[in-house]
Amino acid sequence: MDIALPDLTFDPALKEWTLGLFEALRRMSFDGVGISRATYGEGESGAIALVAEAARREGLQVAHDAAANLVVTLPGRRPELPFVACGSHLDSVPQGGNFDGAAGVLAGLMALVTLKRAGVTPPRTLKLFVLRGEESAWFGKCYLGSSALFGRFDPADFDLRQSGTGRTLAECMAAAGADADILRRREPLVRAADIACFLELHIEQGPVMVARGIPVGIVTGIRGNVRHPKAVCRGEAAHSGAVPRWLRHDAVFATSDLVMRLDRHWEALLEQGQDLVLTLGIIGTNPEEHAMSRVPGEVRFSLEWRSQSAEVLEGFAGLLREEAAAVERSRGVAFDFGAAVPTPPAAMDPRLAAHLGTLCRARGIPYEFLPSGAGHDAAIFANEGVPTVMIFIRNEHGSHNPREAMDHDDFFLGAELLLHGLLTAPAALAATGEGPA
């Protein structure tokens, strides 16, 4: 079991240093409305360079792997043991907020800097991963850097094009310094067995913690999802005044019919105690064709559903097929959902979650256990078999918008919890007889 370490806290100078990094990230990424740091673009690369330089100045080891992820290392007393990892991402959605991802990166950096400044060598090596491409907004695919970490990067994704610029992912990754040959061979950049555990701090991206007045959350699981980004309903265009209802093949009404049928299933599943959220984030007729006097013959839309349960995800796919077939028969249309893009759910390690709860109680930190509706790089680590847990920080106004408003005091509470979790998590796992020795 790992030996006890001194009780460490953040001094005011370190807090001001960290807030200065938040402000520097904001200034370099402000787009006039919010924060834009494009995946494998100049914004993400510039933010990573900022963090790398800050770590280097503090005497930490800095390296970049074949996916251009940043890895910051504080060597431990026993480097032969599996290392303890933390991290998050620095890319953002267009016109997003400054704390989504960045909070986890800077909290991890604070932990390593605190130990370095105090002259404390941890029992195990600590690593901070600043992971590329967590957001799906730019290439339509998420978890690019963390997937590559374990040899799961799909070479077909090199042909994906960046929203806005149209540049391929291959071009953008090359500009960021990634090694395409290693990624094409799907060579793991790290072995899961070499990681004792992974902890990720992140802002909550919904309203639950704010509504309940809880500054810190401990995540029990991350919802997986099934996405159809380019679904289409095809009917038949017609004159709005000349075609009666019974002869119409209206794509808008058909799509609306399908949506309401799915909504009723959603409500029923929730009443049964199942975990599910359903969203149509994009929907519309072709602006080159639509008109007030035209029965729309085509509607394009996106569809996604999320759950902590793989069975619920699969079951809802069956309901979608059944209801789409019923609408096709009744309204004379055809649905084409395209290929599904699935992301499996991920369970957080219950031993680590319980341990963080113990640390919160010992330090007088109010907390609550809750699931994550949004996806995170932590899901990749968990599904690779790495004991994983997440810490949530209360955040006003949700996320993926410029109004993110994480309270600094809440952040420092969560970062303090992360620091002590990094130092004690291996011992907590070993105490169960199932974790790293």
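Helix H8 covers residues 251-271, helices being DSSP runs of H or I with at least four residues, numbered from the N terminus. At 1.5 Å a residue, its 21 residues should span 30 Å (1.5 Å times one less than the number of residues), and the end C-alpha atoms are 30 Å apart, which agrees. The model is predicted, so local features need pLDDT of at least 70 and side-chain atom pairs pLDDT 80 or more, whereas totals for chains, interfaces and linings use all residues. Residues are numbered from 1 along each chain as its sequence is written, and side-chain values use heavy atoms, without hydrogens and water.

The buried residues of H8 (under 20% relative accessible area, 1.4 Å probe, protein chains only) are Ala251, Ala254, Thr255, Asp257, Leu258, Leu262 and Leu269. Seen down the helix axis, these residues fall within an arc of 155° (taken from the directions from the axis to the C-beta atoms), so they line one face of H8. An α-helix has 3.6 residues a turn, so residues three or four places apart point the same way. The buried residues of H8 pack against several elements (heavy atoms within 4.5 Å), among them helix H9 (310-331) and strand E12 (298-307); strands are DSSP runs of E with at least two residues. On the other side of H8, Arg264 and Glu271 are exposed (over 50%). Leu270, also in helix H8, is partly exposed (between the two cut-offs), with a relative accessible area of 42%. The C-alpha atoms of Leu270 and Leu144 are separated by 32 Å.
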